[in-house]
Amino acid sequence: MDFSQIELIYRAEGNANLVVAIPQYKKVLRLPKANISTKSSSSTATSSSRSLSCDLKGLANTRIPSSEQQEDILNPADNLAYTKLLGTLIGSEYIYVPDSVAIISQTDSEKISSICRPFRPAHRRDKKICGQFGYILPDATLLPDNLCANIQLLPTTNTFAIEIKPKQGWKLTETVNSNLIDLRNSGKCRYCAMQFSKLKNCKISALSSYCPLDLFSGIQSRMETAIHALLRCPQNNLRIFENGNLIYGDHSGSLLFTDLQGRGSLFEKNFKTMVEIVRKALLTNYIHSEETTSFDERSCVLETILKIQQLAEENFAFMSKRSYEDCKSYQVVRNILRKNITTLDDLLPEERYSLSATLMDCSIIITFHEMALEKKEDDFKNSHFIKTEDGSTFLTKVTIVDLDAKPDNHFRKYVNTTNEAYASIS
Ligand SMILES: O=P(O)(O)O[C@@H]1[C@@H](OP(=O)(O)O)[C@H](OP(=O)(O)O)[C@H](O)[C@H](OP(=O)(O)O)[C@H]1OP(=O)(O)O
Ligand SMILES: Nc1ncnc2c1ncn2[C@@H]1O[C@H](COP(=O)(O)OP(=O)(O)OP(=O)(O)O)[C@@H](O)[C@H]1O
């Protein structure tokens, strides 16, 4: 892809990656970041990725001999294999696998940095895009053409996408954590406790009333409370996109909460409809009936994520007895990939924990557009159609993004940050 000729738009970023949209192709380009002050390890990664084919079909079959593997990074082939593995476990309907690896020149890198500069959150500017490659993926904030075929969408309304980073949906107890973490009898879940250390460390300016336990409860009133809390105080847990443009979140130039209500056709209808779509989409099972996942019952996205997250809960005692090097290696993930697993039963406890660490940090994107025609009851067998209480029908899609593998020192870091969080509660 010749990036000098293509329109690129700042999409969003997290701790490790910056993403730009490529509207012309309904794709995004996900670029690794590194601290401005440190020399990027991904530039070394690039030497491996350059020697690999840019065609991911070839890439999937490419193995770098272990003697050449760098311990502290996963190469593109392993990253791809890990995402595919999660697709098998979770259901490929919910996941986008990268289409290709794009080689990024110094000129591309400068162009992208300058496009993104005005929109980047202030607290993310200590990092910049690094290395010479990025992943091209379908844009999850837009509806894919094959889903829209033969469906008349309301032309006067826009496509909206709500992204939620739900975080840990299960509660740590003294029994689970084998007294490794002092919970101070606070009764708070990890996310709620983390709000206090984040406030203390000036990562946030106000406490959020969002609680993942409400979102994952599946109970209508609690889920609505959670979604409203995210809307009022999005932090890095909620973003809203309109036709692929980021309009609400933690970026520079975001709309304010008070601006949202008067914005666009969706918001004129009021928040109620949007909250209803998000809630219903999170509880819908989108897995095609012919597709089998390693879970016996086919589940909605919330249940699927929670089940994998709970592997950490189940294996906490095991993890707490193990001693770990405090270095950023990926041995556990490499072991998982070597196994060619199709079911969770094939995994060792530390491997189960590792998968769960990924799902405790993923994001869910719910994309929707109002449909033009009244649908007959029969049409609702299509799980992508969601009918709201006001009688409107929406075409919807749910995608899980940020399914990165976590390094071997994750558990150690998790225990430290969780202890700090509970100790910060005032
Ligand atoms: O430990 P947590 O729960 O604070 O999660 C980290 C996230 O913090 P959060 O609390 O969501 O703001 C953190 O997000 P932010 O930088 O705070 O937006 C990262 O996602 C981090 O992952 P990685 O180290 O980049 O692979 C996340 O670290 P991992 O725990 O996934 O390693
Ligand atoms: N396939 C996609 N389609 C649309 N937007 C995407 C896609 N992948 C990522 N994004 C957007 O880019 C943002 C940053 O990507 P991502 O979450 O992968 O970054 P990260 O640095 O790994 O995040 P984290 O800090 O949570 O680890 C996402 O939160 C989402 O808004």
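## Strand β7: covered on both faces

Strand β7 has cover on both of its faces. On one side, F160, I162 and I164 are buried. On the other side, A161 and E163 are buried too. This is a predicted model, and the contacts and areas below are computed from it. The strand spans residues 160-164, and five of its five residues are buried, so β7 is largely enclosed by the rest of the structure.

Two strands pair with β7. One partner is β8, residues 238-242. Five bridges join β7 to β8, and the two run antiparallel. Within this pairing, A161 stands opposite F241 of β8. The other partner is β10, residues 363-370. Here too the sense is antiparallel, over five bridges. I164 of β7 stands opposite I364 of β10.

## Ligand 2: the shell and its contacts

Which residues are the closest to ligand 2? They are N15, N17, R30, E163 and R239, out of 21 residues that surround the ligand. E163 belongs to the β7 face that also holds A161. A polar atom of the E163 side chain lies 2.4 Å from an oxygen atom of ligand 2. N15 uses its backbone: an N or O atom there lies 2.6 Å from an oxygen atom of the ligand. R11 approaches a nitrogen atom of ligand 2 instead, with a polar side-chain atom at 3.2 Å.

How much of ligand 2 does the protein bury? Taken alone, the ligand exposes 620 Å², and the protein buries 95% of that. Four elements give two or more residues each to the shell: β1 (9-13), β2 (17-22), β3 (27-35) and β8. The largest share, three residues, comes from β1. By class, the shell has ten charged, seven nonpolar and four polar residues. Both domains take part: domain 1 (3-139) and domain 2 (141-426) each supply at least three residues.

## Ligand 1: between two domains

Ligand 1 has 14 residues around it. The closest are N15, R124, R190, K198 and D361. N15 is also among the closest residues to ligand 2. Three side chains place polar atoms by oxygen atoms of ligand 1. For D361, a polar side-chain atom lies 2.7 Å from a ligand oxygen. For N236, the distance from a side-chain N or O atom is 2.8 Å. For K165, the corresponding distance is 3.0 Å.

On its own, ligand 1 has 590 Å² of accessible area, and the protein covers 82% of it. Helices α7 (190-200) and α17 (410-424) are the elements that give two or more residues to this shell. The largest share is three residues, from α7. Charged residues number nine here, alongside three polar and two nonpolar ones. Why does ligand 1 count as lying between domain 1 and domain 2? Domain 1 (3-139) and domain 2 (141-426) both give residues to its shell, so the ligand lies between them.

## Three buried residues

M360 sits in the loop between α16 (349-359) and β10. β10 is one of the strands paired with β7. The relative accessibility of M360 is 6%, so it counts as buried, the limit being under 20%. Its C-alpha atom is 9.2 Å from that of A312, and the two residues are 48 apart along the chain.

L282 belongs to helix α12, residues 271-282. Its relative accessible area is 0%, so L282 is buried. The C-alpha atoms of L282 and I365 are separated by 9.7 Å, although these residues are 83 apart along the chain.

S254 lies in the loop between β9 (245-248) and α10 (257-260). Buried or exposed? S254 is buried, with a relative accessible area of 18%. A polar atom of the S254 side chain lies 3.1 Å from the backbone nitrogen of G249.

How values were computed:
Residues numbered from 1 in each chain as written. Chains lettered and ligands numbered in written order. Predicted model: local features only at pLDDT ≥ 70, side-chain atom pairs only at ≥ 80, totals over all residues. Heavy atoms only, no water. Near = heavy atom within 4 Å. Polar contact = N/O pair within 3.5 Å; in protein donor to acceptor, adjacent residues only side chain to side chain. Areas by Shrake-Rupley, 256 points an atom, 1.4 Å probe, with all protein chains shown as cover. Nonpolar A, V, L, I, M, F, W, Y, C, P; charged D, E, K, R; others polar. Domains from an automatic or database assignment. Buried < 20%, exposed > 50% of the residue type's maximum accessible area, 1.4 Å probe, protein only. Pairing = 2+ DSSP bridges.
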